[in-house]
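Dear colleague,

I am passing on the structure that we spoke about, and my notes on it follow directly below. Please read them with the model open beside you.

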Amino acid sequence: LGPFADTHLAALSEPDLQTYDRLLEENDQDLMAWILGQTAPPDWVRPLLTRIAAVASARLTPRV
């Protein structure tokens, strides 16, 4: 979540900031299960997690 916050937090809308804050309050085990795709995230956080995952994927994908 840190790299996403470093590069995108300032540009988030107020509703997205509220969702991000709520996400940070979630249990770590639940959060990891959502991120790893072991369980489906709740509807309220799904759009933001999709954005976070896209940023992480782009950051971690080697450029050739």
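Thr50 is found in helix 4, where helices (H or I, at least four residues) and strands (E, at least two) are DSSP runs numbered from the N terminus. At 52% relative accessibility, Thr50 counts as exposed, the classes being buried for under 20% relative accessible area, exposed for over 50% and partly exposed in between, with a 1.4 Å probe and protein chains only. The C-alpha atoms of Thr50 and Ile35 are separated by 9.1 Å, and these two residues are 15 residues apart along the chain. Ala54 also lies in helix 4, but it counts as partly exposed, at 46% relative accessibility; between the C-alpha atoms of Ala54 and Gly37, 17 residues apart along the chain, the separation is 14 Å.

Before going further, please note that this is a predicted model, in which local features need pLDDT of at least 70 and side-chain atom pairs count only at pLDDT 80 or more, while totals for chains, interfaces and linings use all residues. Residues are numbered from 1 along each chain as its sequence is written, and side-chain values use heavy atoms, with hydrogens and water left out.

As to confidence, pLDDT is the predictor's confidence in each residue, from 0 to 100; the protein averages 91, and 100% of the residues score at least 70. Among the elements, helix 2 has the highest mean pLDDT (96) and helix 4 the lowest (89).

The protein has four helices and zero strands, so that the order of elements from the N terminus on reads α-α-α-α, as numbered by the DSSP runs. Taken along the principal axes, the C-alpha atoms fill a box of roughly 35 × 30 × 15 Å. Of the 64 residues in the protein, 22% are buried. With contact meaning heavy atoms within 4.5 Å, 42% of the contacts between residues at least 6 apart in sequence join residues at least 24 apart.

Turning to the interior, the largest nonpolar core (a set of buried Ala, Val, Leu, Ile, Met, Phe, Trp, Tyr and Cys residues joined through side-chain atoms within 4.5 Å) has eleven residues: Phe4, Ala5, Leu12, Tyr20, Leu23, Leu31, Trp34, Val45, Leu48, Leu49 and Ile52. The elements that give two or more residues to this core are helix 1 (2–8), helix 2, helix 3 (28–35) and helix 4 (46–60), and the largest share, three residues, comes from helix 4. Leaving aside residues up to four places away in sequence, Leu48 touches Phe4, Asp16, Thr19 and Tyr20. Thr19, which lies in helix 2 (residues 14–24), counts as buried because its relative accessibility is 17%; with the same sequence neighbours left out, Thr19 touches Trp44, Val45 and Leu48.

On the outside, the protein exposes about 4,600 Å², of which carbon and sulfur atoms supply 56%; accessible areas come from the Shrake-Rupley method with a 1.4 Å probe, and for residues only the protein chains shown count as cover. Leu1, Leu24, Met32, Ile35 and Leu36 make a nonpolar surface patch of about 450 Å². Patches are made of residues with over 30% relative accessible area and no salt bridge, like charges being joined within 9 Å and nonpolar side chains (Val, Leu, Ile, Met, Phe, Trp, Tyr) within 5 Å, and a salt bridge is a side-chain nitrogen of Lys or Arg within 4 Å of a carboxyl oxygen of Asp or Glu. Leu1, in the segment before helix 1, is partly exposed, with a relative accessible area of 32%.

With best regards
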